[in-house]
Amino acid sequence: MAAALSLECSAREPRPWSNEIALYFESVVSVARPAGIEDAAAIARVHVASWRTTYRGILSDDFLESLSEKRYEERWRRSLLDEGTRVYVAEDGREVVAFASGGRERAGEHSFAGELYAIYVLEEAQGRGHGRGLVRAVSAGLRELDLADMIVWVLRDNTRARRFYERLGGIYIRSQPVTIGTAVLEEVSYGWRSLDDIQA
Ligand SMILES: CC(C)(COP(=O)(O)OP(=O)(O)OC[C@H]1O[C@@H](n2cnc3c(N)ncnc32)[C@H](O)[C@@H]1OP(=O)(O)O)[C@@H](O)C(=O)NCCC(=O)NCCS
């Protein structure tokens, strides 16, 4: 079949494989862009789906099943309208597959000014550079807000995300208990004393 197609090539016609190459590049090059209010539903969809795959076995199944896209859509709508919060999405083709947000430090770690609030990539889109691209975008957003450093909190047992932050040069700061639903878990923080230290 491939040989038959290649015989049909002519100098004036597009090569049969050019669309495949375009699709290939679309699927591996991550482009993060600032999110708009119209992205709230897509962000909520990624948020709920990603929580269910990331925290399966860490949080209870009942809790994960109870997560509501509608409620998260409302929450994200508010964040998107908040001038102190920067939200970015990454797409594969035309579909939002990842998002991240950041702003002024809000978890009480006062030796840091900036915070990466959230970063979630759909399981099937992980490992393609979306995480890296989104951290770069949030870091640029923090600079716009005149925040010079960045901290992030992550569940202690979320080893995959911890390795990602370590890969980006994050330095372990400390741990503390956190309540999610009715579960009391442990979370740890990673920090970058300067945004220039982020290896994204
Ligand atoms: C953690 C997460 C954001 C990383 O995003 P990603 O798109 O998968 O990561 P990238 O493809 O951008 O990878 C960036 C770098 O980190 C490395 N990396 C990513 N995950 C890693 C892991 N588990 N272990 C080691 N290195 C890892 C990659 O190898 C890559 O480095 P390289 O370019 O030198 O090879 C993503 O996997 C995710 O959303 N996970 C589930 C949700 C979650 O845990 N969010 C964090 C909550 S605090």
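How many of the 10 residues of strand β6 are buried? That was what I wanted to know when I opened this predicted model.

**Entry 1: strand β6.** I went through residues 171-180 and found a count of 0 buried residues, so I noted β6 down as hardly covered. Next I looked for its partner. I found β6 paired with β7 (residues 183-192) in the antiparallel sense, over 8 bridges. Two cross-strand pairs went into my notes: Y172 stands opposite Y190 of β7, and Q176 stands opposite E187, also in β7. I then checked the turn of this hairpin, where 2 residues sit between the strands and G181 has a positive phi near 60 degrees.

**Entry 2: the sheet.** I stepped back to see where the hairpin belongs. I traced an open sheet of 7 strands with mixed pairing, in the order β1-β2-β3-β4-β5-β7-β6. Its edge strands are β1 (31-34) and β6, each of which pairs on one side only. I also looked up the twist: with direction ignored, neighbouring strands are turned by 30 degrees against each other on average.

**Entry 3: the chain overall.** I counted 7 helices and 7 strands in the protein chain. Along the sequence I read the pattern α-α-β-α-α-α-β-β-β-α-β-α-β-β. Of the 200 residues, 28% are buried. I looked at contacts too: among those with a separation of 6 or more, 64% join residues 24 or more positions apart. One packing arrangement I wrote down is α3 (40-54), which lies across β2 (85-92), β3 (95-104) and β4, running at about 90 degrees to β3.

**Entry 4: around the ligand.** Which residues are closest to the ligand? I listed Q126, G131, R132, A161 and R163 as the closest in a shell of 19 residues. I sorted that shell by type and got 6 nonpolar, 8 polar and 5 charged residues. Then I asked which elements supply it: α3, β4 (114-121), α6 (130-144) and α7 (159-167) each give at least two residues. The largest share, 5 residues, comes from α7.

**Entry 5: an unusual backbone angle.** I paused at D146, which is not a glycine yet has a positive phi of about 65 degrees. I placed D146 in the loop between α6 and β5 (150-155). Is D146 buried or exposed? I found 9 other C-beta atoms within 10 Å of D146, and the limit for exposed is 12 or fewer, so D146 is exposed.

Technical notes
Residues numbered from 1 in each chain as written. Predicted model: local features only at pLDDT ≥ 70, side-chain atom pairs only at ≥ 80, totals over all residues. Helix = DSSP H or I, 4+ residues; strand = E, 2+ residues; numbered from the N terminus. Buried ≥ 20, exposed ≤ 12 C-beta atoms within 10 Å, placed from the backbone. Contact = placed C-beta atoms within 7 Å. Near = placed C-beta within 6 Å. Nonpolar A, V, L, I, M, F, W, Y, C, P; charged D, E, K, R; others polar. Pairing = 2+ DSSP bridges. Axes fitted to C-alpha atoms, helices over the stretch in contact; angles between N-to-C directions.
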